[in-house]
Amino acid sequence: MDSIDERPISESQASPSNGDVAAAGPDYASRHQLARERRHTFGIGLLKGMAVTIKHLFKHNTVIQYPDEVQDLSPRTRGVIALKEENCTVCMLCARECPDWCIYIDSHKETLPPKRAGGRQRKRNVLDRFAIDYALCMYCGICVEVCPYDALFWSREFEYAEFDIRELTHEKERLSDWMQTVLPPPALEEGALLPGQPDAPAVAAGAAGPGSAQRPSPPSAGTAAAERPEQAMRPPAAAATAAPTADAATQSQQQAGETQAAASSAAPATPTEEKAPAGATAETKGPDTKEPEAIASSTEAASPSPTDERARETSTAERSTSTEPATSGDSEAPAVPEVARGPNVEVPSEAPRPVALERTEDPEAVYQDVLKDQLDKGSSPQVAEARAKVARVKAERGIKRAPTPVETDKMVPSAPTKGQPPEPEPSGAPEAQDIEPDPGPVAPEGGDA
Amino acid sequence: MHIDIVLTAWQMLIVKLLVILTLVPLVSLVGGYALHKELAHLQHRLGPMYPGGFHGVGQTLADGIKFILKEDIVPANADKTVFKLAPALIYVPAILLYLVIPIDKHLIVEDLDVGIFYILAIGAVAILGTLMAGWSSANKYALLGALRAAAQLIAYELPIVLTAAVVAMLAGTMSVVGIVEAQNWPFVLWPPGIGLVAFLVFVTGAMAEMTMPPFDMPVAESEIITGAFTEYTGMRFIFSFFGAEMAHLVAYGAIAATLFLGGYKPIVPWGPLEHIPGVIWFVVKVVLMFFVMIWARFTWPRLREDQLQKFAWKFLIPVSLLLILATAAWILYAPESLWTR
């Protein structure tokens with residue numbers, strides 16, 4: 001039983017007694033030595049293997065029993081992609097870069113009246129539909145990487161299995177709900193250049209108010225900075241768009257001009273920026289800053305259409321250009337709020353929980369709630385009951401209830417948006433209900449008689 | 001209150017058979033569970049944890065029920081009678097093996113005078129079932145597996161028979177109880193060397209005969225899809241494959257413990273150890289054998305088919321022949337004072 005070790009040698013190894021010395025080649029000596037060594041340790045390999053496995057038998061087991069124990073996932077876990085809808089400019093980069101083509105975006109153009117008398121009309125894109133088909137998604141994260149306006153984020157949530165594959169297509173409402181679960185960014189490295197640090201005017205403008213309108217929400221900005229260090233190194237997008245390209249016609253132009261704009265706006269500011277305290281630069285990203293809402297309320301009154309995000313941005317951007325020269329000088333002026341952070345943006349250091357518990361719900365109530373909800377939606381009783389049970393278990397364990405899947409009456413993958421009749425696709429796969437099974441060679445009736 | 005139950009020999013035999021008939025499936029279940037758990041922990045996993053409540057104790061039972069409830073499919077081109085009969089021919093010999101295993105001196109169904117011979121003969125019958133299963137399935141993988149199993153049985157039955165002959169020579173009897181009684185010191189310790197090597201050869205041959213890794217070429221689920229059992233489903237599969245495997249594993253563990261480790265007698269003839277009941281000694285030894293066989297099974301790499309045959313014919317059989325010579329020399333020339341019985 002111990003000679004198993006020797007088998008490969010006796011077969012593959014030229015043995016000197018067989019007269020193969022000449023044919024064995026130049027590495028004969030080393031091979032011969034190897035064979036000799038193996039012969040010395042006759043059968044030891046088997047015992048070594050036994051020792052390895054028996055050690056593992058007595059080692060502490062690190063298995064996490066998932067439904068009962070929840071693993072402490074890393075903060076950057078790729079669970080689900082969240083959409084910050086107001087940041088999306090329908091530039092379609094994510095949809096085009098997606099290797100699986102699992103992102104569906106529909107939009108339409110709206111014409112806005114001119115800002116000033118005699119000005120020209122503006123056009124902007126309005127997002128109608130943003131959907132990610134998680135049945136196709138392979139979680140590569142390219143869409144998150146490629147998004148120039150920080151509209152897509154990774155969330156750690158991963159429990160969104162469905163009984164119906166169609167419900168794995170998360171529409172924008174559900175994708176936006178995931179935003180609540182996006183974690184704040186991790187701490188930057190020691191001595192890392194802070195996002196926004198070299199750009200004092202932007203900081204000043206942000207402190208003045210409207211300049212930060214286009215800036216993503218606090219966690220988002222930090223997330224972007226942490227995930228994309230190269231972006232953290234350069235001035236934030238807010239400054240870039242707030243400066244000369246404020247009236248840029250299209251978003252793609254904005255994006256293209258971003259770097260030069262940033263450079264030009266940052267250039268005059270460098271002397272002041274060095275003097276500016278780190279806290280002042282960091283405060284615009286404090287997680288508790290309520291600026292976006294405040295801005296929204298202030299600009300909503302001014303802008304022609306209150307819900308019009310784009311218009312707000314352009315208007316605030318214009319205003320920020322005007323305020324920029326005035327405020328750039330006294331960048332130390334803005335009061336540092338209590339959330340001001342040190343040179344390294346700190347992040348809650350405690351182990352992040354899977355989901356922030358917002359409220360504890362009575363499991364039974366959740367069960368009844370979901371059951372009724374599902375039955376009303378027309379799910380079959382079994383499916384409804386199963387979903388209700390899942391919700392009850394989650395409530396019992398304190399896992400936040402995932403947003404109820406958005407009901408969609410579209411076929412998946414679906415191109416047409418709401419209101420539009422589904423057009424027959426010119427090429428590619430026909431829709432499922434259009435497929436008629438090939439009847440094949442059908443014998444005429446009674447032909448076989 | 002004392003009840004006198006007087007049974008005739010026939011009634012006694014029926015009771016014993018009923019006990020065995022319930023014991024063997026139970027052994028299959030417990031053995032399967034132990035295998036799951038030991039394998040899992042050797043691989044740094046937990047194994048089954050949910051069925052049955054406590055650490056998955058109900059796993060094998062749930063598996064068994066699941067398999068029994070599954071559809072029993074017989075391939076259209078199969079030789080249906082033979083196909084259906086084969087699992088019984090595999091499982092029944094596994095049960096029959098237990099008839100001559102002494103759990104204690106008197107806890108044995110029947111102490112045959114030719115106990116070892118019976119074990120070897122019955123152990124070889126199971127291969128007939130495997131061959132029938134492979135041939136009647138009308139499946140090339142099943143046929144390959146069956147032929148490999150047959151070739152393997154022939155190759156590895158010889159070392160088993162020869163080492164069993166060593167034991168019979170040392171004990172001077174073929175009765176299993178007689179062999180245990182002959183081991184004042186277990187054969188694995190005495191005569192020095194001969195017993196140990198014979199024990200290793202016997203266990204290796206037993207592992208190969210059960211077609212368990214590292215000798216699992218006849219099964220080789222990654223290459224020929226569990227060999228002879230490719231076409232089996234449901235209850236026939238669970239009985240011919242897992243059930244028989246577990247029953248054989250425990251049976252061969254018990255046989256090795258009986259022949260070489262002193263069975264129900266203490267491992268060394270030392271005063272305090274003699275007070276421990278024989279049943280406990282037997283169970284401890286069987287569990288030990290089971291543990292070590294599974295430990296080796298899931299540690300070592302598998303042998304290729306040709307390596308497997310070479311290993312038997314070129315190594316194990318010569319070694320066991322030498323063992324017979326050595327045993328004969330020991331019996332003839334060792335001084336009487338070295339004998340322990």
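In chain B of this predicted model, residues 24 or more positions apart account for 77% of the contacts with a separation of 6 or more. Chain B has 341 residues, and 45% of them count as buried. Its secondary structure comprises eleven helices and zero strands. Along the sequence the pattern reads α-α-α-α-α-α-α-α-α-α-α.

Chain A has 449 residues, of which 31% count as buried. Chain A contains 17 helices and five strands. For chain A, too, contacts with a separation of 6 or more can be split by distance along the sequence: residues 24 or more positions apart account for 77% of them.

**Helix packing in chain B**

Two helix pairs of chain B are described here. The table sets out their geometry.

| Helix pair | Angle | Axis distance | Handedness |
|---|---|---|---|
| H5(B) and H7(B) | about 150 degrees | 8 Å | left-handed |
| H8(B) and H10(B) | roughly 120 degrees | within 8 Å | right-handed |

Take H5(B) and H7(B). Helix H5 of chain B covers residues 140-171, and it packs against H7(B) at an angle of about 150 degrees. That angle makes H5(B) roughly antiparallel to H7(B). Their crossing is left-handed. Which residues of H5(B) and H7(B) make the contact? From H5(B) come Gln152(B), Leu153(B), Tyr156(B), Glu157(B), Pro159(B), Ile160(B), Thr163(B) and Val166(B). H7(B) supplies Ala198(B), Val201(B), Phe202(B), Gly205(B), Ala206(B), Ala208(B) and Glu209(B). By type, the residues of this contact of H5(B) with H7(B) are ten nonpolar, three polar and two charged.

Now H8(B) and H10(B). Helix H8 of chain B spans residues 234-260, and its axis crosses that of H10(B) at roughly 120 degrees. This makes H8(B) oblique to H10(B). The crossing of H8(B) and H10(B) is right-handed. On the H8(B) side, the contact uses Leu249(B), Val250(B), Gly253(B), Ala254(B), Ala256(B) and Ala257(B). These meet Phe282(B), Lys285(B), Val286(B), Met289(B), Phe290(B) and Met293(B) of H10(B). The contact of H8(B) with H10(B) divides into ten nonpolar residues, one polar and one charged.

**Where the chains meet**

How many residues does the contact take from chain B and from chain A? It takes 18 residues from chain B and 15 residues from chain A. On the side of chain B that touches chain A, four helices give two or more residues: H1 (9-42), H7 (194-209), H10 (278-297) and H11 (305-333) of chain B. H11(B) gives the largest share of that side, three residues. The side of chain B that touches chain A holds eleven nonpolar residues, six polar and one charged. H7(B) and H10(B) thus appear again: H7(B) packs with H5(B), H10(B) crosses H8(B), and both helices are among those named at the side touching chain A.

**The sheet in chain A**

Three strands of chain A form an open sheet in the order S2-S3-S5, with antiparallel pairing. Strand S2 (103-112) and strand S5 (169-170) of chain A stand at the edges. Each has a single partner strand, so one side of each is left without a neighbour in the sheet.

S2(A) is joined to S3(A) by ten bridges, and the two run antiparallel. Tyr104(A) stands opposite Ala131(A) in S3(A). Strand S3 of chain A covers residues 122-133, and two bridges join it to S5(A), again antiparallel. Ile132(A) has His170(A) as its bridge partner in S5(A). Asp133(A) has Thr169(A) as its bridge partner there.

**A closer look at Val80(A)**

Val80(A) lies in strand S1 of chain A, residues 80-83. Is Val80(A) buried or exposed? Val80(A) counts as buried because it has 24 C-beta neighbours inside 10 Å, and the cut-off for buried is 20 or more. Leaving out residues up to four places away in sequence, Val80(A) touches Ser155(A), Glu157(A), Phe158(A), Tyr160(A) and Trp178(A). Gly141(A) is 61 residues away along the chain, and its C-alpha atom is separated from that of Val80(A) by 9.8 Å.

How values were computed: Residues are numbered from 1 along each chain as its sequence is written. Chains are lettered from A and ligands numbered from 1 in the order in which they are written. This is a predicted model: local features need pLDDT of at least 70, side-chain atom pairs count only at pLDDT 80 or more; totals for chains, interfaces and linings use all residues. Two residues are in contact if their C-beta atoms, placed from the backbone, lie within 7 Å. Ala, Val, Leu, Ile, Met, Phe, Trp, Tyr, Cys and Pro count as nonpolar, Asp, Glu, Lys and Arg as charged, and the others, Gly among them, as polar. Axes are lines fitted to C-alpha atoms, for helices over the stretch in contact, and angles run from 0 to 180 degrees between N-to-C directions. Angles under 35 degrees count as roughly parallel, over 145 as roughly antiparallel, 65 to 115 as roughly perpendicular and the rest as oblique. A crossing is left-handed if the near helix is turned anticlockwise from the far one by less than a right angle, and right-handed if clockwise. A residue is buried if 20 or more other C-beta atoms lie within 10 Å of its own, exposed if 12 or fewer, and partly exposed in between; C-beta atoms are placed from the backbone. Two strands pair if DSSP finds at least two bridges between them.
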